[in-house]
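Visitor: I should like a close look at one part of this model, namely its charged side-chain pairs. Please treat the subject in a single connected account.

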Amino acid sequence: MRGERVVKKRMSTLFETDTFLAIAYTIIQEADEGIIVTDENGHILLANPAFETVTGYTQDEVLGRKTNILRSGLHDRTFYENMWETLRDHGIWKGEIWNKRKNGELFVEWLTIKAICDATGKPTHYVAIFSDVTQHKRTMEQLARLSNYDVLTNVPNRQLFTKRLQHLLHMAQRHNQQLAILFLDLDRFKYINDELVHYSGDLLLKKVANRLKKRLRTKDTLARIGGDEFVVILPKLKDAQEAIHTAEQMIEALQAPFMLNGSDVYISASIGISMYPNDGDDEETLLRRADRAMQKAKESGRNRFELYTAKLDYQSEVVTLENHLRKAIERNELHVYYQPIVNMKTKKIEVIEALLRWNQSNIGFVSPVQFIPLAEETGLIVPITKWLLEQTCIHIKAIHSFAPHMKVGVNISAVHFQQDDFVEQVSHIVKANNVHPRFFKFELTESTIMPNAEESVQKLVQLKQYGFKLAIDDFGTGFSSLSYLHRFPIDVLKIDQSFIRRLSLYSDDATIVSTIIMMAHNLHLAVVAEGVETEQQYAFLKAQRCDFAQGYYISKPMPFNELQSFIQEWDGYIK
């Protein structure tokens, strides 16, 4: 405390000396910032050399004059009224202001004005300190432009396009308006660019951008988002017809040749159109769907436009999924899950059904409902089923170490079954892996074996001769007739889960299930009920002397590494 009092006393003494005045004067004269001192009415009393450097006025030229000689005319009366109001209320004002040099050149400065008051609090003088930030501001504006505009074509880039689209979507939502995105890609530009020197390719892009801009309204936005790709935002539309008209205009704008290095160069464009709100309500969705529509335009012959439809989305997803599926085996993305099937008499698990699962590295788990039909349509189901058989051979040998009589069911696609060498394929895989065919039960649907019944009978007989067990899967959803079953060497009938699911709701379904079980037994076929999910369903099936039950009431499908503990812990607790 004593030290602070000594310092304060020395400062008070210094302030009262001529030395302090000399120090203050030196600071003002040598400062890099412009400094002026005015009286309470704004008349300039002092200006330092930095002021002269920035404004071009000497001190002699401004002494006694008001500071308004520097006004640029860019600020209105309200600006200055607010400035003086702040000074009166707070004694200080800081901000950016445009002023004018002696030669008439405008400049921007960062200005601080401080009021100097007497003992009563009344301002007697004002001190203004400022820095010329014109070059800094120009640099910042240039950087901002570089970050928002395409250097080559001088149209907005992807970043500014996204900002504007977000704003315009917000406005469209508030005012219940329609908006369109046009995604434009130049046709065969890479080929043309390779034929031209690089500079000519750039020049072509500039000329394309200039022509396109002339066909747009002032409120529309044309942006270049990369290479030869342009996008357009059309706000405040009445309907899609306006977007179509603009697309036609843009295609027409490119019809005339471009003169490059004394030669005519022709270029066309494919355009995709998406509409807000029909095709999406966010910028990413609208842009993606306009892109897909553009791809469709290219596939349809180029030099045209296409409107987005949901069908394009589906087609694109299917193509992407197919590409991923083709690499699923080599990337180890396919997995075998097993669902236990319980013998309702012995209450033991005697069979497990092998079920394919696909965990795609980018998408995650893909439903079998999606990828199995795609695999069948593309023929990929054949190598996938071969892989599945290989895996089940490995797994069933491991399972036999603790459950020596366990069998495994494998679904067989119609596409695979109809191959001429199907029997040879599957028998070779099983034999090569040293597993007896009696441990495999091949599950086929009615629709797989019925269309070519005579050929199917031959293959089924061959499979039986090798020792494979055979089952009709999803019975009741195909030809729905028991009369043909005696023609085929079938061992097991699996009742489709749709009948089991409705047991407690519809008496007709209960009757159908009872009839199927009775007639199957008369044909010496074992019956498996699929989709058993409740105790009531299980009890009904048991009362009807169903042989096996499969479903979530027993267990969900599980990966192989969980199967051993499940089987070993299973104690037949179901009553």
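How many salt bridges does the structure hold?

Guide: The model is a predicted one, and it holds 16 salt bridges. Side chains of opposite charge can pair when their charged atoms come close. Three of these pairs may be taken in turn, followed by a network and then the cysteines.

The first pair to consider is E61 with K102, whose side chains form a salt bridge with an N to O distance of 2.5 Å. This contact connects distant parts of the chain, the two residues being 41 residues apart. E61 belongs to helix α4, which covers residues 59–62, while K102 sits in the loop between β3 (92–100) and β4 (106–117). E61 has a relative accessibility of 28% and therefore counts as partly exposed. K102, at 45%, is likewise classed as partly exposed, because buried requires under 20% and exposed over 50%.

The loop between β3 and β4 also carries R101, which pairs with D132. Here the N to O distance is 3.1 Å. D132 lies in strand β5 (residues 123–132), so the bridge links distant parts of the chain, 31 residues apart. The two partners fall into separate classes of accessibility: R101 is buried, at 14%, whereas D132 is partly exposed, with a relative accessible area of 35%.

A third pair joins K298 to D185, with 3.0 Å from N to O. K298 is part of helix α11 (residues 283–299), and D185 is part of strand β6 (residues 178–186). The two are 113 residues apart, and their bridge again links distant parts of the chain. With a relative accessible area of 9%, D185 is buried, because the limit for that class is under 20%.

Beyond such pairs, salt bridges with shared partners form a network. The residues joined in this way are E353, K441, E443, K494 and E530.

The cysteines call for a separate remark. A search of the whole structure finds zero disulfides. Two cysteines may be noted for their accessibility: C393 counts as buried at 0%, and C546 counts as buried at 3%.

To return to the charged pairs, the three described here are E61 with K102, R101 with D132, and K298 with D185. Each of them links distant parts of the chain.

Definitions and conventions: Residues numbered from 1 in each chain as written. Predicted model: local features only at pLDDT ≥ 70, side-chain atom pairs only at ≥ 80, totals over all residues. Heavy atoms only, no water. Salt bridge = Lys/Arg side-chain N within 4 Å of Asp/Glu carboxyl O. Helix = DSSP H or I, 4+ residues; strand = E, 2+ residues; numbered from the N terminus. Buried < 20%, exposed > 50% of the residue type's maximum accessible area, 1.4 Å probe, protein only. Disulfide = S-S within 2.5 Å.
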